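User: Please take a close look at one part of this model, the pairing of two strands and the charged side chains around that pairing. Give the cut-offs along the way.

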Amino acid sequence: GNLVAFKRGSGQDLLALRDYHPNDDMRRVDWKATARSRQLIVREFSAEDDKRVIIVLDERLPADAAEAKTLREKLESEQSGNAALRSERFERAVSMAASLMSHFTEEQAEITLSIGTKAGEPGIGTRHLHDSLRRLAVTEPVFTDVSLANGFFTALAEKLEQNEEAHVFLLTAAEEDEIPAEIAARSKIITI
């Protein structure tokens, strides 16, 4: 393919112009270069300038949160035949995760959504956002009696080691003292 490398001094280093690929974000199309070459050309930035964001939704809630359903929520779930327990606390966390993904999609960041220990694929653009929102929409809380400090944090620590440059947002119901120091230092913790 076409690859033209050069730098520009506006804060973000432009690594190259290259042919458009089907999954590229349309906002990265360089319209002047496209007009000159008569085929879609996209701007590619150097890796250190690309934003990488990992949003981790810890779907575990203390067992007592299951009882915190409002009367209206209980009636609605019984009438719809949906016995799955959803708590307002969990819904706020899902909403916050969706807002973060939407914001960083607009910023053209590479986003990875992890729900519990299940990490999604990293991606950029609105198609990736919609795929991630679909995963988020069907996520249910996991009510547990055990301490929230268990294997979840071990798996998360390994993931963070592999993605040292990424910005991490952790949405969790775990108490501050349950979150390992190395994870707390690397993450923006949002308590749910």
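Analyst: Strands S4 (residues 52–57) and S6 (residues 110–115) run parallel and are joined by six bridges. Strands here are DSSP runs of E with at least two residues, helices are runs of H or I with at least four residues, and both are numbered from the N terminus. Two strands pair if DSSP finds at least two bridges between them. This is a predicted model, in which local features need pLDDT of at least 70 and side-chain atom pairs count only at pLDDT 80 or more, while totals for chains, interfaces and linings use all residues. Residues are numbered from 1 along each chain as its sequence is written, and side-chain values use heavy atoms, with hydrogens and water left out.

Within the S4 and S6 pairing, Ile54 stands opposite Thr112 in S6. Both strands belong to an open sheet of five strands with mixed pairing, in the order S7-S6-S4-S9-S10. Its edge strands, S7 (118–119) and S10 (187–191), each pair on one side only.

The charged side chains come next. Glu110 forms a salt bridge with Arg52, with the closest N and O atoms 3.3 Å apart. This pair links distant parts of the chain, since Glu110 is in strand S6 and Arg52 in strand S4, 58 residues apart. A salt bridge is a side-chain nitrogen of Lys or Arg within 4 Å of a carboxyl oxygen of Asp or Glu. Arg52 also forms a salt bridge with Glu165, the closest N and O atoms being 2.6 Å apart. Here Arg52 in strand S4 is linked to Glu165 in the loop between H5 and strand S9 (167–172), 113 residues apart. Arg52, Glu110 and Glu165 are thus linked in a network of salt bridges. The structure holds six salt bridges.

As for accessibility, Arg52 has a relative accessible area of 23% and is therefore partly exposed. Glu110, at 26% relative accessibility, also counts as partly exposed, whereas Glu165 is exposed at 54%. Buried means under 20% relative accessible area, exposed over 50%, and partly exposed in between (1.4 Å probe, protein chains only).

Just ahead of strand S6, Gln108 is placed in the loop between helix H3 (88–106) and S6. Gln108 has a positive phi of about 60 degrees although it is not a glycine, and at 22% relative accessibility Gln108 counts as partly exposed.
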